[in-house]
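Welcome, and please open your viewer. Keep the selection tool at hand, as each stop begins with something to pick.

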Amino acid sequence: MTVDVVRGRAGRRRAVGAVLTTAVLCTGAVACGGDDKADKGAGDSGKTQSRSQVTEVITAAYKKTSAAKSAKVEMTMSMPAAMDGGGDMKMSGVMGWDPTVMDVTMTGSALTEGDPDAPEKVRMLWRDNVMYMDMGAAAAKDMDGKRWMKMDLNAIAEQAGDEKMAKQMTSGLDSMNQDPAAQLAMLLESPNLKHVGPAKVDGVQTQRYKGRLSVKEMMNTNKNLDDLLSKSEREKLFKNIEKSGIKGYDTEVWVNEDDLPVRMDIDIKSPEGTMKMSQTFSDYGATAKVTAPPAGQTFDLMEMFKEIGKAGGGAGAGADSGL
């Protein structure tokens, strides 16, 4: 296998990066949010709830969501052009938590921008802390005829022989277990969490809540960072995020009469523009069984890193490959 084949096309690397970004955002440190599907102000006007009532509702939603352990999900995400070319992404499928599993399909310009041969859609499976991505027939030509790419982050970190990298990747996997219940737990930490009013989402009557977490508040509620970073490293990360211009995360959630969130939104504002995401949930408790592709149909990303390392004279080559 030549180095050029191992590195693959820029469009495929972009697709992999977009899938990873979406996975982290949608099950990671922040909730997802964005385009306005809700009928604001629809339904019974009611009275604005007090902070104690809001806390009670969101706490109840947290408990019900945690117990459900899975749901069907639909997500839309838009990124401004200044963010790595920008683009839109749509995702639909089923996700589970405790344990983490996913079977979702992604489409959108964020996958295909800049390369007509990039896959128009990518199916992503997640189970046993391993991600599998169906990169399509074109990519299979560069992966020994196998269209499924396997990414075992623990194995990649261990192979690199870098203890700190292993710790970061392991923590990253733990972070991806931030299910909708965990997102609600984080929202409870918002000092300005409030009740907006009633609204309908896809015909379902809900109550709408919103809150804002500063970067520091978000970091303080992400318990995975406690194991990942020392105090000085946390401060350095905080300063770097501040330098990027990101001030905080505006989060909204719509809770139905069964105390379950049917929609979660977030806007992340930065100098490059605003990243918008929107996630809707349905069929809580839906079966989230995920079967890994047969080994003979998967191309292990670890092998790609090994080839690049041999050609580049070390593990660092993998990091420079853009994969």
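The tour below goes from a helix to a set of strands and then to some charged pairs. Please keep in mind that this is a predicted model.

**Stop 1: helix α3**

Select residues 51–68, which form helix α3. Its 18 residues reach 26 Å from the first C-alpha to the last, close to the 26 Å expected at 1.5 Å a residue.

Now colour Val54, Val57, Ile58, Ala61 and Thr65, the buried residues of α3. Where do the buried residues fall when α3 is seen down its axis? They sit within an arc of 90°, so they line one face of the helix. A general rule helps here: an α-helix has 3.6 residues a turn, so residues three or four places apart point the same way.

Turn to the other side of α3 and pick out Ser52, Glu56, Lys63 and Ala67, which are exposed. To see what covers the buried residues, show the elements around them: among them are α8 (180–187), β8 (194–201) and β9 (204–214). Two further strands, β10 (248–256) and β11 (261–270), are also part of that cover.

**Stop 2: threonine 65**

Stay in helix α3 and zoom in on threonine 65. Is threonine 65 buried or exposed? It is buried, with a relative accessible area of 0%. Its side chain reaches the backbone oxygen of alanine 61 at 2.7 Å. Leaving aside residues up to four places away in sequence, threonine 65 touches Trp97, Pro180, Ala181, Leu184, Leu260, Pro261 and Tyr284.

**Stop 3: from the helix into the strands**

Step past the end of α3 to lysine 69, which follows the helix and has a positive phi, near 70°. Next, select strand β2 (residues 70–79) together with strand β3 (residues 87–96). These two run antiparallel and are joined by 10 bridges. Look for alanine 71, which stands opposite methionine 95 in β3.

Add strand β4 (residues 101–107) to your selection. β4 pairs with β3 in the antiparallel sense, over seven bridges. Methionine 95 appears again here, standing opposite methionine 102 in β4. The hairpin of β3 and β4 has four residues between its strands, and in this hairpin aspartate 98 takes a positive phi near 60°.

**Stop 4: charged pairs**

In general, side chains of opposite charge can pair when their charged atoms come close. How many salt bridges does the structure hold? There are 10.

Begin with aspartate 128 and arginine 127, whose side chains meet in a salt bridge at 2.8 Å, N to O. Aspartate 128 is exposed, with a relative accessible area of 58%, while arginine 127 is partly exposed at 28%.

Then select arginine 147 and aspartate 134, another salt bridge at 2.8 Å, N to O. This pair links distant parts of the chain, 13 residues apart: arginine 147 lies in the loop between α5 (136–140) and β7 (148–151), and aspartate 134 lies in strand β6 (residues 130–134). Arginine 147 is partly exposed, at 38% relative accessibility, whereas aspartate 134 is buried, at 15%.

Finally, pick aspartate 267 and lysine 276, whose side chains form a salt bridge at 3.0 Å, N to O. Aspartate 267 counts as buried at 17% relative accessibility, and lysine 276 as partly exposed at 34%. For a last view, show Arg212, Asp250 and Lys269, which salt bridges with shared partners join into one network.

Note on methods
Residues numbered from 1 in each chain as written. Predicted model: local features only at pLDDT ≥ 70, side-chain atom pairs only at ≥ 80, totals over all residues. Heavy atoms only, no water. Pairing = 2+ DSSP bridges. Expected span 1.5 Å × (residues − 1). Buried < 20%, exposed > 50% of the residue type's maximum accessible area, 1.4 Å probe, protein only. Arc of directions from axis to C-beta. Contact = heavy atoms within 4.5 Å. Polar contact = N/O pair within 3.5 Å; in protein donor to acceptor, adjacent residues only side chain to side chain. Salt bridge = Lys/Arg side-chain N within 4 Å of Asp/Glu carboxyl O.
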